[in-house]
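Here's a quick walk through one protein model, with an eye on its charged pairs and its main pocket. Have a look at the structure first, then read on.

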Amino acid sequence: EATRKAATGLGVALNIVGLFPKPVGVDPEVLVERNERVLVLAQVDNPTNVGAIVRSAAAFGFTGLVLDAESADPYARRALRVAMGTTFQLDIARTNDLESLFELLSTHGFASFAMTPDLSATPLDEVKPPRRVALLLGSERDGLPAHAMGRATHKVRIPMADGVDSLNVAA
């Protein structure tokens with residue numbers, strides 16, 4: 001018990017402790033070539049939100065995840081715990097250049113859907129997604145950066161009840 005606590009820094013008694021090398025990220029071009037449903041995170045810096053997003057993405061058939069430089073590490077302990085291991089089902093890439101990513105997506109026939117609470121956006125239930133889809137999610141505080149929102153081929157929203165402007169990004 002003392003060794004486990006000293007090695008992990010965790011006060012919670014865990015029966016199993018694992019150590020693994022962090023998987024090497026996939027090149028964004030390779031990820032876009034071999035996946036038809038890609039999730040793009042921009043400035044999602046909370047590891048719990050990243051983990052919940054990864055778990056939902058895997059449940060809905062997304063197989064690729066691209067994170068910008070400001071998004072939390074999907075292999076962080078909290079993110080992995082919330083994702084319930086689904087992190088290892090996805091191809092994961094990082095990019096410092098969302099502009100180049102949009103070029104890749106366009107070249108490979110993706111339609112990009114930027115989530116926003118903006119009432120002028122198309123309600124999500126009115127969208128018939130094409131075969132190749134990139135879903136873009138932004139930070140809790142500010143949403144997607146303006147340049148990402150501007151490059152998306154579609155702006156979509158989830159209709160809300162009166163008095164509620166948006167869901168947590170993880171939802």
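## Arg141 and its partner

Let's begin with Arg141, which is exposed, at a relative accessible area of 57%. Keep in mind that this is a predicted model. Which side chain does Arg141 meet in a salt bridge? The partner is Asp45, with 2.8 Å from N to O. Asp45 sits in the loop between E1 and H3, while Arg141 is in the loop between E6 and helix H6 (146–151), so this pair ties together parts that are 96 residues apart in sequence. Asp45 itself is partly exposed, with a relative accessible area of 39%.

## A second long-range pair

By the rule used here, the model has 6 salt bridges in total. Another one brings together the side chains of Glu36 and Arg131, at 2.2 Å from N to O. These two also link distant parts of the chain, 95 residues apart: Glu36 belongs to the loop between helix H2 (28–34) and E1, and Arg131 to the loop between strand E5 (122–123) and E6.

How accessible are the two ends? Arg131 is exposed, with a relative accessible area of 56%, whereas Glu36 comes out as partly exposed, at 35%.

## A small network on H5 and H6

Next up is Glu103, which forms a salt bridge with Arg151; their closest N and O atoms are 3.2 Å apart. Glu103 is in helix H5 (residues 98–107) and Arg151 in helix H6, so here the pair ties together parts that lie 48 residues apart in sequence. Both residues count as partly exposed: Glu103 has 42% relative accessibility, and Arg151 has 27%. The story doesn't stop at two residues, though: salt bridges with shared partners join Glu99, Glu103 and Arg151 into one network.

## Asp91, an acid out of sight

Is Asp91 buried or exposed? Its relative accessible area is 16%, and buried means under 20%, so Asp91 counts as buried. You'll find Asp91 in strand E3 (residues 91–95).

What does the side chain of Asp91 make polar contacts with? One contact goes to the side chain of Arg34, at 2.7 Å, and another to the side chain of Asn35, at 3.0 Å. If you set aside its neighbours within four places in sequence, Asp91 is in contact with Val26, Leu31, Arg34, Asn35, Thr63, Gly64 and Leu65. So Arg34 and Asn35 turn up in that contact list as well as being polar partners of the buried Asp91.

## The largest pocket

Now for the empty space. The largest pocket holds about 1000 Å³. It's lined by 38 residues, and the ones closest to its centre are Met115, Leu124, Leu135, Leu137 and Ile158. Four elements give two or more residues to the lining: strand E1 (37–42), helix H3 (47–59), strand E4 (111–115) and strand E6 (133–138).

Which element gives the largest share of that lining? It's E6, with 4 residues. As for chemistry, the lining of the largest pocket divides into 26 nonpolar residues, 7 polar ones and 5 charged ones.

Notes:
Residues are numbered from 1 along each chain as its sequence is written. This is a predicted model: local features need pLDDT of at least 70, side-chain atom pairs count only at pLDDT 80 or more; totals for chains, interfaces and linings use all residues. Side-chain values use heavy atoms; hydrogens and water are left out. On a 1 Å grid over the protein atoms alone, a cavity is a set of points where a 1.4 Å probe fits but cannot get out, and a pocket is an open set with protein on both sides within 12 Å along at least five of seven lines; lining residues have an atom within 4 Å of a point. Grid points are joined across faces, edges and corners, and a volume is the space filled by probe spheres set on the points. Ala, Val, Leu, Ile, Met, Phe, Trp, Tyr, Cys and Pro count as nonpolar, Asp, Glu, Lys and Arg as charged, and the others, Gly among them, as polar. A salt bridge is a side-chain nitrogen of Lys or Arg within 4 Å of a carboxyl oxygen of Asp or Glu. Buried means under 20% relative accessible area, exposed over 50%, partly exposed in between (1.4 Å probe, protein chains only). A polar contact is a pair of N or O atoms within 3.5 Å; within protein, one must be able to donate a hydrogen and the other to accept it, and residues adjacent in sequence count only if both atoms are side-chain atoms. Contact means heavy atoms within 4.5 Å.
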